[in-house]
Amino acid sequence: QDKGTKMTEFWLISAPGEKTCQQTWEKLHAATTKHNNLSTNSKFNIPDLKVGTLDVLVGLSDELAKLDAFVESVVKKVAQYMADVLEDSKDKVQENLLANGGKPSFSNPSSRITEQQWQAEHKFYSSSLDIVLFLFIFKGVNQIDNDLKARASAYNNLKGNLQNLERKNAGSLLTRSLADIVKKEDFVLDSEYLVTLLVIVPKLNYNDWVKQYETLAEMVVPRSSNVLFEDQDSYLCNVTLFRKAVDDFKHKAREYKFMVRDFQYNEEEMKADKEEMNRLSTDKKKQFGPLVRWLKVNFSEAFIAWIHVKALRVFVESVLRYGLPVNFQAMLLQPNKKTMKKLREVLYDLYKHLDSSAAAIIDATMDIPGLNLSQQEYYPYVYYKIDCNLLEFK
């Protein structure tokens, strides 16, 4: 599929059946392919649903508009969270957004959406167009929304705790954890009189340190300093001295820009820190696979629900516009980017006779400001947009 010309945007339209619905389809297909391939088209078959009163349909039309916006927002959220979870592999997001049992949702979106057509065996299928069906879809998608919040919160928590620990183990020697750097043999331990301090020495001042450290206070053990670690700017050195000279030593060291780190060697604590990090890291790895699988499955569920809501909207709107008995053909168009304006004009010419008032106020080449009925453009034919660009992650 040529990414340059194909849109990941679809127009779901319907027009009244002529002598037969097949004829309506053929007419559209011929008109959009005559000059140039303006769009890739397919039939979008919706089963005959039982229709209640006109009042019920008008009410349902408003409710379906709200449901459409809600389901779309959940589809977006699941896709966006998939991108967040896959972190560095944004390119894998598309292949993971598979709808309907492993067929790519958007590698060929038009076949993807046409496969979503109302299948009798699908759980959303119902021969009755009523509030029960509406609630059924809402409940299913609402459940996905709630589950996503709970799962995302648990996983983000884990990720946050792990990042905090990782941050502790990185950064400058003044602040970072030293647990993975120092060893037991670097310290004089369990001595009543002696204590080992850790000092951060800027590399520029290292020669001063070597010359000065033994005389910064009384009772510093000669030749007791070694470099234990270095980062870009500093060395981490140890030094052993008598406990009672510590305050004096710290004070004097500061004058020379040698910073004594407040550090007590505690094997238990350091071990606990390491174990906590390993535990969080293992937990994150354990949760990752099942979470990605859950997102795949539920992206598919939400996406299918979304297409079904669009189908219901087309059905209700077509009955309201074209009347009874039910006689219309729904069609799915994938416009070519460069010829969208031309496609609009062709559709307008094809269907302007459906709406005498539209002919007076709508010129296909002119955008009328303010003519925006509930965020849905008005055309003489039934029209809904399915915008899959919202699932593109760069």
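What follows is a walk through the fold of this protein, taken from a predicted model.

At the level of the whole chain, the protein has 394 residues, and 44% of them are buried. The secondary structure adds up to ten helices and ten strands. Plenty of the contacts link stretches that sit apart in the sequence: among contacts with a separation of 6 or more, 78% are between residues 24 or more positions apart. The surface comes to about 21000 Å², with 51% of that exposed area supplied by carbon and sulfur atoms.

Two sheets are worth going through in turn. Strands of a sheet pair through backbone hydrogen bonds, in either a parallel or an antiparallel sense. One open sheet here has four strands in the order E2-E9-E1-E10, and its pairing is antiparallel. Strand E2 (39–43) and strand E10 (382–387) are the edge strands; each has a single partner strand, so one side of each has no neighbour in the sheet. On average, neighbouring strands of this sheet are turned by 25 degrees against each other, direction ignored. Between E2 and strand E9 (residues 328–335), the antiparallel pairing runs over five bridges. Within that pairing, Lys43 sits opposite Met331 of E9.

Helices cover this sheet too. Helix H8 (residues 267–322) packs on it and touches strand E1 (9–16), E9 and E10, with its direction at about 165 degrees to that of E10. Helix H9 (residues 340–351) lies across E1, E2, E9 and E10, and runs at about 10 degrees to E1.

H8 also has a helical partner. The axes of H8 and helix H2 (residues 54–85) come within 8 Å, crossing at roughly 155 degrees. Because angles over 145 degrees count as roughly antiparallel, H2 is roughly antiparallel to H8. The crossing of H2 past H8 is left-handed. One residue to look at in this part of the model is Lys296, which lies in helix H8. Lys296 has a relative accessibility of 29%, so it counts as partly exposed, a class that falls between the 20% and 50% cut-offs. Although Lys296 and Met82 are 214 residues apart along the chain, their C-alpha atoms are separated by 8.2 Å.

The other open sheet is again made of four strands with antiparallel pairing, this time in the order E6-E7-E5-E8. Its edges are E6 and strand E8 (259–261); each of these has a single partner strand, so one side of each is left without a neighbour in the sheet. Neighbouring strands here are turned against each other by 35 degrees on average, direction ignored.

Starting from the E6 edge, strand E6 (residues 226–230) is joined to strand E7 (residues 234–242) by four bridges, with the two strands running antiparallel. E6 and E7 form a hairpin, and three residues lie between them. Phe229 has Leu236 in E7 as its bridge partner. E7 also pairs with strand E5 (residues 194–202), in the antiparallel sense and over nine bridges. In that pairing, Leu197 has Val239 of E7 as its bridge partner.

Definitions and conventions. Residues numbered from 1 in each chain as written. Predicted model: local features only at pLDDT ≥ 70, side-chain atom pairs only at ≥ 80, totals over all residues. Heavy atoms only, no water. Buried < 20%, exposed > 50% of the residue type's maximum accessible area, 1.4 Å probe, protein only. Contact = heavy atoms within 4.5 Å. Areas by Shrake-Rupley, 256 points an atom, 1.4 Å probe, with all protein chains shown as cover. Pairing = 2+ DSSP bridges. Axes fitted to C-alpha atoms, helices over the stretch in contact; angles between N-to-C directions. Parallel < 35°, antiparallel > 145°, perpendicular 65-115°, else oblique. Left-handed = near helix turned anticlockwise from the far one by under 90°.
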